[in-house]
Amino acid sequence: MTELPAGLKRYPELDRWVRIDPADTVTVFTGKVEIGQGITTALALIASHELGVAPERIRVQTAHTGVTPNELITAGSMSVEQSGAALRQACAHARRHLLEAAAARLGVPASELAIDDGWISAPGLNERVSLWALQGGEPFRRRIEERIPERPPAPPPARQTRIDLPDKLLGRGVFLHDLHWPEMRHARVVRPPTFRHRLEGFAGSEFIDRGLETAPTAAAGVRLIRDGSFIAVIGDDEYQVVRHAERVARACRWRLVSPLEGVPLGRDSQAFLLDGGTPVTGPVPPLGFEPTFSASYSRPHLMHAALAPSAAAACWQGGRLTVWSHSQGVELLKRTLADVLGLEADAVTVIHVQGAGAYGHNGADDAALDAALCALAEPGRPVLLKWTRTQEHRWEPYGPAMRVDLAAALDGAGRITGWSHEVWSYTHAGRPVPGERGSNLAAAWLRAEPREAPPAVPRLEPEVGIHRNAWPIYALPAPRVVKRFVAPGPLRTSSLRSLGAHGNVFAIESFMDELALLAGRDPVTFRLEHLADPRARAVLEAAATLCGGVTGPRGVALARYKNRQTYAAVVVEVEVDPTTAAVRVPKVWIAADAGRVVDPDGLINQLEGGAVQALSWTLKERVRFRSDDIESEDWVSYPVLRFDETPEVITRLLDRPEQPSLGAGEATAGPTAAALANAVFAACGVRVRDMPLDAERLREAAAA
């Protein structure tokens with residue numbers, strides 16, 4: 001590989017990526033954010049290896065507009081691939097510069113020098129010099145214009161303490177919700193029931209509809225802010241703000257302005273998907289073969305279900321707006337906020353602070369605009385705004401429902417000779433983007449001068465949204481894949497961890513098990529007979545070996561995320577209660593190939609965390625809604641996997657140090673879902689093709 005990483009092409013100044021601090025430490029810069037995936041630890045290890053400095057000396061500055069490189073969004077399992085690759089090359093340039101400077105000072109060729117924990121020396125030379133003596137506090141003033149050799153890979157550390165964990169474990173207040181400043185104000189928004197409602201007015205004599213004027217309050221220093229249907233309560237005392245926001249919410253009278261049509265009461269409907277759906281690549285090609293077998297699979301709308309509701313802080317002072325947000329795209333948010341608020345982009349700064357849970361496009365960006373609107377009404381004082389759990393459940397952009405229709409032909413030898421994959425879904429891309437028509441920030445829809453939500457449009461880039469992992473990993477003759485884009489949808493949707501890969505791989509790998517049964521093959525053998533990629537074969541065989549064989553109440557599934565990132569094979573073991581039809585997962589095995597392993601512990605955390613979340617989606621989760629309301633508003637009406645339901649997970653990594661590192665955070669979502677369905681069939685002989693695989697669906701499938 002001779003081409004520079006994309007980040008270095010955009011920002012070739014070495015000082016944008018690396019700084020030798022005045023003494024003892026090195027700071028590296030990334031436009032990516034820490035959302036629990038351990039990226040700060042991985043980047044520190046990359047810089048540590050390339051610079052020859054102990055990991056404990058590396059400081060990682062994450063996304064801060066105007067300070068760190070603009071690396072757009074932390075999404076798609078791209079942080080190690082993109083920011084890691086850029087930082088590794090930047091540190092290689094820094095190392096070369098430092099060795100050249102040391103060679104001039106020590107009077108020996110740079111090729112004879114080595115760096116050990118920041119000290120540069122040569123064999124037989126008594127004198128040595130440190131990075132900090134050479135460069136401490138001084139900029140490099142160098143441009144990166146070509147790729148240079150990097151240090152050879154070293155065995156990854158067996159265990160590396162996560163940079164972000166000690167403060168979290170000790171409760172030192174690292175989350176955005178814990179921010180505090182002197183003279184800080186607290187705020188809560190009062191949201192309509194859904195994005196289809198608008199405010200008609202307040203009931204009760206104490207609430208007079210007076211635009212942005214102060215309404216009567218129950219406590220001194222508490223203000224009511226109104227801008228159209230955007231309502232917020234601001235005050236010095238958080239408890240009083242919460243109580244008054246509850247009073248205001250009880251007094252609000254909302255009007256449904258755009259009701260849904262034809263939604264069955266109590267649960268979402270696949271009818272929305274099948275009633276519409278425009279093929280996005282032109283005329284649909286004919287099937288071209290006589291199917292031996294066909295089946296349909298589906299998933300419902302899903303929530304991000306972050307552990308803590310969204311929050312943001314903002315301060316408007318001296319004509320400048322500073323926002324603290326757990327957004328995954330601070331640079332995009334900065335320009336979007338400026339656009340909505342009528343500010344110059346240079347007048348807005350967005351600083352990332354961790355939130356408790358992310359998993360895609362949740363309510364973080366929306367909360368940032370809420371906080372900014374409150375800050376503009378309170379000049380000179382920082383405002384910390386937090387959503388409630390109900391607001392998070394009702395207002396976050398959901399992961400869209402999907403339907404997949406598969407058909408295949410088998411020859412007499414049990415080989416697949418024809419393959420068709422048709423997928424229906426709503427948009428998986430609803431993040432706020434500067435310059436778009438309207439705005440994807442929720443508060444912008446509610447203001448007195450509203451911005452409409454931009455129309456959803458299909459994305460045609462490879463492996464994006466609906467068609468992510470729709471192409472099978474197997475070597476099949478001329479597979480037919482049709483993407484059907486449905487708009488508008490009944491609910492607000494956007495990116496959820498793995499996007500379309502969760503639904504598509506669930507369908508493909510469930511279907512492969514069904515075809516294996518028809519062909520008279522065991523599931524592993526059938527897959528191997530259709531696999532040409534040696535790395536895919538290796539992870540499948542490793543998973544089967546790791547669990548001691550895919551026998552009994554076990555299911556297996558395989559995918560390569562986006563067909564170009566991490567390979568993952570998953571085996572799931574289940575227990576199905578014959579009386580209640582409840583499904584329990586005691587054990588999961590994962591084998592994965594993520595290329596060059598940087599941080600084994602962090603990589604395992606990502607693979608296992610993704611698998612556990614996929615179990616929750618596939619076993620339990622479903623957004624329930626009516627034509628005028630969201631029914632899923634808490635952890636009772638939207639159940640998730642509990643700690644006592646979490647399985648033992650055993651993971652094996654296939655390290656390939658000669659290969660580039662691959663993104664892994666979303667690689668196990670699809671395979672885990674399918675392996676679970678396959679295990680349920682193996683355990684009780686019932687094939688469930690519609691998620692969630694809860695007792696209700698299991699009984700329905702058994703009855704059918």
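**Entry 1: A305**

I started in the loop between β13 (293-299) and β14 (311-317), where A305 has its place. This is a predicted model, so I keep that in mind for every entry below. A305 is not a glycine, yet I find a positive phi of about 55° for it. Is A305 buried or exposed? A305 has a relative accessible area of 10%, so I note A305 as buried, the cut-off being under 20%.

**Entry 2: D117**

Next I looked up D117, another residue that is not a glycine but has a positive phi, here about 50°. I found D117 in the loop between β4 (114-116) and β5 (119-121). The relative accessibility of D117 is 26%, and I wrote D117 down as partly exposed.

**Entry 3: cis peptide bonds**

I then turned to omega. The peptide bond that runs from A487 to P488 is cis, and its omega is near -10°. P488 sits in the loop between β20 (480-485) and α12. I also have a cis bond from M691 to P692, with omega near 0°. For P692 the place is the loop between α16 (669-684) and α17 (695-703).

**Entry 4: D513**

Back to α12, the helix of residues 501-519, which holds D513. I get 12% relative accessibility for D513, which counts as buried. Which residues does D513 touch, once its neighbours within four places in sequence are left aside? My list reads P523, R527, V556, N678 and R687.

**Entry 5: two loop residues**

I picked P578 in the loop between β22 (567-576) and β23 (583-593). P578 is exposed, and its relative accessible area is 80%. How far is P578 from C684 in space, C-alpha to C-alpha? I noted 8.4 Å, with the two positions 106 residues apart in sequence terms.

D644 belongs to the loop between α15 (600-619) and β24 (648-653). D644 is exposed too, at 68% relative accessibility. I checked D644 against P55: the two are 589 residues apart in sequence and 35 Å apart in space, again C-alpha to C-alpha.

**Entry 6: the second largest pocket**

On to empty space. Rolling a probe the size of a water molecule over the atoms shows where such space is left. I put the second largest pocket at about 540 Å³. Its lining has 23 residues, and T40, V60, I163, D164 and Q354 are the closest to its centre.

Which element gives the largest share of this lining? My notes say α2, with 4 residues. Three elements each supply at least two lining residues: α2 (39-51), β3 (58-61) and α5 (165-169). By class, I have 10 nonpolar, 7 polar and 6 charged residues in the lining of this second largest pocket.

**Entry 7: cavities**

How many cavities of 30 Å³ or more does the structure hold? I noted 7. The largest cavity contains about 120 Å³ of space. I have 16 residues lining the largest cavity, and T194, F195, P490, L491 and I630 lie nearest its centre. I sorted the lining of the largest cavity by class as well: 7 nonpolar, 2 polar and 7 charged.

**Entry 8: the chain as a whole**

I finished with the overall numbers. I have 17 helices and 24 strands in the chain. The radius of gyration is 27 Å, close to the 27 Å that the globule rule gives for 704 residues, so the chain is as compact as a globular protein of that length. Along the principal axes, I read a span of about 80 × 75 × 50 Å for the C-alpha trace.

What percentage of the 704 residues counts as buried? I have 59% in my notes. A305 and D513, from my earlier entries, both count as buried.

For contacts, I looked at pairs at least 6 apart in sequence, and 78% of these join residues at least 24 apart. The exposed area of the chain comes to about 27200 Å², and carbon and sulfur atoms supply 52% of that area.

Technical notes
Residues are numbered from 1 along each chain as its sequence is written. This is a predicted model: local features need pLDDT of at least 70, side-chain atom pairs count only at pLDDT 80 or more; totals for chains, interfaces and linings use all residues. Side-chain values use heavy atoms; hydrogens and water are left out. On a 1 Å grid over the protein atoms alone, a cavity is a set of points where a 1.4 Å probe fits but cannot get out, and a pocket is an open set with protein on both sides within 12 Å along at least five of seven lines; lining residues have an atom within 4 Å of a point. Grid points are joined across faces, edges and corners, and a volume is the space filled by probe spheres set on the points. Ala, Val, Leu, Ile, Met, Phe, Trp, Tyr, Cys and Pro count as nonpolar, Asp, Glu, Lys and Arg as charged, and the others, Gly among them, as polar. The radius of gyration is taken over C-alpha atoms; the globule rule is 2.2 Å times the number of residues to the power 0.38. Buried means under 20% relative accessible area, exposed over 50%, partly exposed in between (1.4 Å probe, protein chains only). Contact means heavy atoms within 4.5 Å. Accessible areas come from the Shrake-Rupley method with a 1.4 Å probe; for residues, only the protein chains shown count as cover.
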